[in-house]
Amino acid sequence: MYQAFVDAFTLLGQLDAAIVRIVLTSLQVSITALVLGTLIGLPLGAWLATEEFAGKKVAIVLLNSMMGVPTVIVGVLVYLVLSRSGPFGDWGWLFTVKGMIVAQFFITTPLIAALSRQILEDSWKIHRDTFLALRLPHLPRLKWLIWDCRFSLTIAILAGFARAISEVGAVMIVGGNIDRVTRTMTTAIALETSKGDLALALSLGIVLLGIVILANIFIFVVRQFAERRYG
């Protein structure tokens, strides 16, 4: 085991081309899916937090339930949609980076929407009377609410990133784990471990852990800055 860790750090020190390619693919897929999921999830969470309509509680329960859906189920559904016999088979996105982004988008969006809804709902309870007294239109009201909670919402975005970067089931199904094309850190770790190449698996695991830690440090620094500046 000790030798496997030595070999893993040796690979990292050499900036092995295979590792760099896999890491860049993972970041491309996860960050793109996160950006798209944030653009949809935050407004959806804000809308559910501020609006009253029939079936709102049912919608919230469904949204919260979607956070716990196994990722392999999402992968199978996206696979069926993007396969040749599916409605979007002509796009040719199956076993491509685009297909993996679609799968991770459907994984991250419900999580971001559900967490942001809870954060924004707490803020809405505080500012609701003020907004109604000012008679702000719906869209400016949502924009102001999101801006007011922007530092707290980084937690929801971080959770979305962590779920995307660590996901394995859906990208394995939709991407196919093709070398030099759709292989990500998580799928490569699973493959190399099964093959017995523990050095490469450990090196990718170290990089993955480092990325998650750096993301947490960034969020922590942002929150500390916000608390000092805005109280």
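How many salt bridges does a search of the whole structure find? The search finds four, and three of these pairings are described below, after a word on confidence. The model is a predicted one. Across the protein chain the average pLDDT is 86, and 92% of the residues score at least 70. Confidence is not spread evenly: helix H4 has the highest mean, at 94, whereas helix H1, covering residues 2–13, has the lowest, at 65. A reader new to the structure may like to keep helix H1 in mind as the part of the chain where confidence is lowest.

A good place to begin is Glu 121, a residue of helix H5, which runs over residues 97–134. Is this residue buried or exposed? With a relative accessible area of 16%, Glu 121 counts as buried because the cut-off for that class is under 20%. Its salt-bridge partner is Arg 117, and the closest N and O atoms of the two are 3.1 Å apart. Both residues belong to helix H5 and sit four residues apart, about one turn of the helix. Arg 117 is buried too, with a relative accessible area of 6%. In this pairing, then, the acidic residue is buried at 16% and the basic residue at 6%.

Glu 121 also meets parts of the chain that are distant in sequence. Leaving aside residues up to four places away in sequence, Glu 121 touches Ala 49 and Lys 56. Gly 45 lies 76 residues from Glu 121 along the chain, yet the C-alpha atoms of the two are separated by 8.7 Å.

Lys 56 leads on to another salt bridge. Which residue is its partner there? The partner is Glu 52, with the closest N and O atoms 3.3 Å apart. The two ends of this bridge fall into opposite classes of accessibility: Glu 52 is exposed, at a relative accessible area of 68%, while Lys 56 is buried, at 10%. Lys 56 thus takes part in a salt bridge with Glu 52 and is also in contact with Glu 121.

A further salt bridge joins Lys 195 and Glu 192, whose closest N and O atoms are 3.6 Å apart. Both residues are in helix H9, which spans residues 185–195; because they are three residues apart there, about one helical turn separates them. Here the lysine is the exposed end, with a relative accessible area of 57% for Lys 195, and the glutamate is the buried end, with 5% for Glu 192.

Two loop residues deserve a look for their backbone angles. Phe 95 is not a glycine, yet its phi is positive, at about 60°. This residue is found in the loop between helix H4, residues 71–82, and helix H5. Its relative accessible area is 34%, so Phe 95 is partly exposed. Asn 177, likewise a residue other than glycine, has a positive phi near 55°. Where is Asn 177 placed? Its position is in the loop between helix H8, residues 169–175, and helix H9. At 9% relative accessibility, Asn 177 is buried, whereas Phe 95 is partly exposed.

Notes:
Residues numbered from 1 in each chain as written. Predicted model: local features only at pLDDT ≥ 70, side-chain atom pairs only at ≥ 80, totals over all residues. Heavy atoms only, no water. Contact = heavy atoms within 4.5 Å. Salt bridge = Lys/Arg side-chain N within 4 Å of Asp/Glu carboxyl O. Buried < 20%, exposed > 50% of the residue type's maximum accessible area, 1.4 Å probe, protein only. pLDDT = per-residue confidence, 0-100.
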